[in-house]
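Q: Please take a close look at one part of this structure and explain it step by step for someone new to the subject. After that, I would like to hear how other parts can be read in the same careful way.

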Amino acid sequence: MGKKVLMKGNEAIGEAAIRAGCLNYFAYPITPQSEVAEYLSHRMPEVGGVFLQAESEVAVAYMIYGAAGAGARVFTTSSSPGISLMSEGLSYIAGAQLPAVFVNIVRGGPGLGGILPSQGDYFQATKGGGHGDYHLLVMAPESVQEAADMMMRAFPLAEKYRNPVIILGDGLIGQMMEPVEFHDHLRTDPVNNNHWATNGMQFRNSSKPNIVKSLFLDPDELNENNLILKAKYERMKKEDILFEPYNMDGPYQKLIVSYGTMSRVCKTAIDNLKVKGIEVGMIRPQTLFPFPETAVFEAAAKESCKAVISIELSMGQMVEDVQRCVQGLRPVHWYGECGGNVPTPEKVMDVVTSL
Amino acid sequence: MQSEVMFAGFGGQGILMSGKVLAHAAMEEGHEVLWMPSYGPEMRGGTAYCLVMISDRLIGSPVVRNPSHLVAMNRPSLEKFAPLIKPAGVVLINSSLIAIDAGREDLDVIKIPVTAIAKELGNVRAANIVALGAFVERSKIVGFDTLRHCVHEEFVNKKNFLSLNMNALEEGKKAAEMLPKK
């Protein structure tokens, strides 16, 4: 670990990618993530990497497909409308089983929406976005430090599963500055691409010709590909769920489920309520897919717990996953704000105490 | 213990930078810090603000209803934020551009003509650092030597502005020292 530096979330994401050994970045500017591109436009040349501003987000997605298919570590960043444009390519990348990292610094929607913080892309990230039967591994940081840490985990995870990983931030995570400490460099080459990458026979220890494709016209072959993908998603659920329990030891009567920026507001609300003698627990999913299903169920099932509430910067998206996990055992409520208005801790306290 | 400082003014007055320098100084002193800009479609002449949070423990909510202190560089900023500041907070009014009061008796209001002081130093753009010097001298929110070090780091690669801003910091400090004590 190095010295603490004060950095914007967007800049820290760019630096963390380089430290994770990713030297290929293709992107198209959009608020509130443009500082990633700004930062990497001078930083990538310094480290011998590639910075490329594409002609559109659609093109970015297929440049990622090409680079990942050739066995290179590659990533992009965008914000909500840009991710929509990339979603066709994301589906192809998932179908062709390629490792790549996407970052969505979410802004308000739908449509052009606004440029302020939002979590309105929860469904898009966790349930699809593009067509077909696929999932992304979705991570949601709550701070600049965690955004940097998750970037460094994202590449090995993408390679472990040969599946795209997406970091779901929001405008606030991208724009705010906090102290951040970077881990040392990880290894700088993707591993185990001998058996799938189309990087040229001279670069791999295998004589098998590799084909990267998502087209399977034979129904049995396509079914087989879908089964392979499904097995990966099941494995993610066993091996790579991340969540943070907060104030879960006491006899809490209310349980909050919240992630990202919103969960930080909830933490302050929980601390303030504790001073008043009111115990509230929280599960903060750090991976949104795979979702911490068992943790949410067990937290809701605790005897003292009377009600569960999903608090999100969206109009009731994660609450559907929370309801699914709680299985009717407790009433599940929702509270959220949109448009970029991040609720204050006082507002969250009112909402939780009035349950 | 946590305090929040709101810096507010016109776009182009260096609001985001003075906030960043303060955040840097607090980080150097070992505090947890968070710097949050207004990042709407601001431009030169529009409104700009940033919030700096300084704490001795991990910072939770980046959203605060009532900040502890305010540095108001123009009148709309004072009118908008003064009613929100916690009692006993320091409110710096840039009296070169603001002809009104904070309208509250429970605040530590200091009126300093930071724009005029910067003009006397030769460059109106240093008004933000004059304000920063005065605010830190009054609030003692970070040590002044740490602040000097951080202003130096901020401008060390902008040689033409280094001595200007180091002087601006000292002039701001002097202006605050001349005021009656709380």
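A: What follows begins with one strand of chain B and then turns to some other parts of the two chains.

The model is a predicted one, and the strand to look at is β5 of chain B, which covers residues 90–94. Of its 5 residues, 5 are buried, so the strand is largely enclosed by the rest of the structure. A residue is called buried here when its relative accessible area is under 20%. In a regular strand, the side chains alternate between the two faces of the sheet. In β5(B), the residues B:V90, B:L92 and B:N94 are on one side, while B:V91 and B:I93 are on the other, and both of these faces are covered.

The partners of this strand come next. Strand β4 of chain B, residues 69–72, runs parallel to β5(B) and is joined to it by 3 bridges. One place to find this pairing in the picture is B:L70, whose bridge partner in β5(B) is B:V91. Strand β6 of chain B, residues 108–112, also runs parallel to β5(B), and 5 bridges join the two. Here B:I93 stands opposite B:K111 of β6(B).

It also helps to follow how the chain reaches this strand. Together with β4(B) and helix α2 of chain B, which spans residues 75–81, β5(B) makes a right-handed β-α-β unit. In the loop between α2 and β5 of chain B lies B:A88, which has a positive phi of about 75° although it is not a glycine. Most residues other than glycine have a negative phi, and most peptide bonds are trans. With a relative accessibility of 58%, B:A88 counts as exposed, whereas the residues of β5(B) itself are buried.

Elsewhere in chain B, two helices show another kind of packing. The axes of helix α5 (residues 144–155) and helix α6 (residues 159–177) of chain B come within 8 Å and cross at roughly 155°. The two helices are therefore roughly antiparallel to each other, and the crossing in which α5(B) passes α6(B) is right-handed. Among the residues that meet between them are B:L147, B:V151 and B:F155 from α5(B), and B:F161, B:L162 and B:L169 from α6(B). Helix α5 of chain B also holds B:T146, which is buried, with a relative accessible area of 18%. Not counting residues up to four places away in sequence, B:T146 touches B:A25, B:E28 and B:E29.

Chain A offers a sheet to set beside the strands of chain B. It is an open sheet of 5 strands in the order β9-β11-β10-β13-β14, with mixed pairing. At its edges stand β9 (243–246) and β14 (332–336) of chain A, each with a single partner strand, so one side of each is left without a neighbour in the sheet. The twist averages 20° from one strand to the next. Within this sheet, β10 (residues 254–257) and β11 (residues 280–285) of chain A pair in the parallel sense over 4 bridges, and A:I256 stands opposite A:M282 in β11(A). Helix α11 of chain A, residues 318–326, packs on the sheet and touches β10, β11, β13 (307–312) and β14 of chain A, and its direction makes about 155° with that of β13(A).

A single buried residue can be followed in chain A as well. A:I13 is in helix α1 of chain A, residues 9–19, and it counts as buried at 1% relative accessibility. Leaving aside its neighbours within four places in sequence, A:I13 is in contact with A:V36, A:F75, A:T77, A:V103, A:I105, A:A147 and A:M151.

Some local features of the backbone of chain A complete the picture. A:Q97, in the loop between α4 (80–95) and β5 of chain A, has a phi near 55°, a positive value in a residue other than glycine. At 11% relative accessibility A:Q97 counts as buried, whereas B:A88, with its positive phi, counts as exposed. The peptide bond from A:G109 to A:P110 is cis, with omega near 0°, and A:P110 is placed in the loop between β5 (101–106) and α5 (122–127) of chain A. Another cis peptide bond, also with omega near 0°, leads from A:F289 to A:P290, and A:P290 is in the loop between β12 (287–289) and α10 (293–301) of chain A.

Methods. Residues numbered from 1 in each chain as written. Chains lettered and ligands numbered in written order. Predicted model: local features only at pLDDT ≥ 70, side-chain atom pairs only at ≥ 80, totals over all residues. Heavy atoms only, no water. Buried < 20%, exposed > 50% of the residue type's maximum accessible area, 1.4 Å probe, protein only. Pairing = 2+ DSSP bridges. Right-handed = clockwise from strand over helix to strand, strands pointing away. Axes fitted to C-alpha atoms, helices over the stretch in contact; angles between N-to-C directions. Parallel < 35°, antiparallel > 145°, perpendicular 65-115°, else oblique. Left-handed = near helix turned anticlockwise from the far one by under 90°. Contact = heavy atoms within 4.5 Å.
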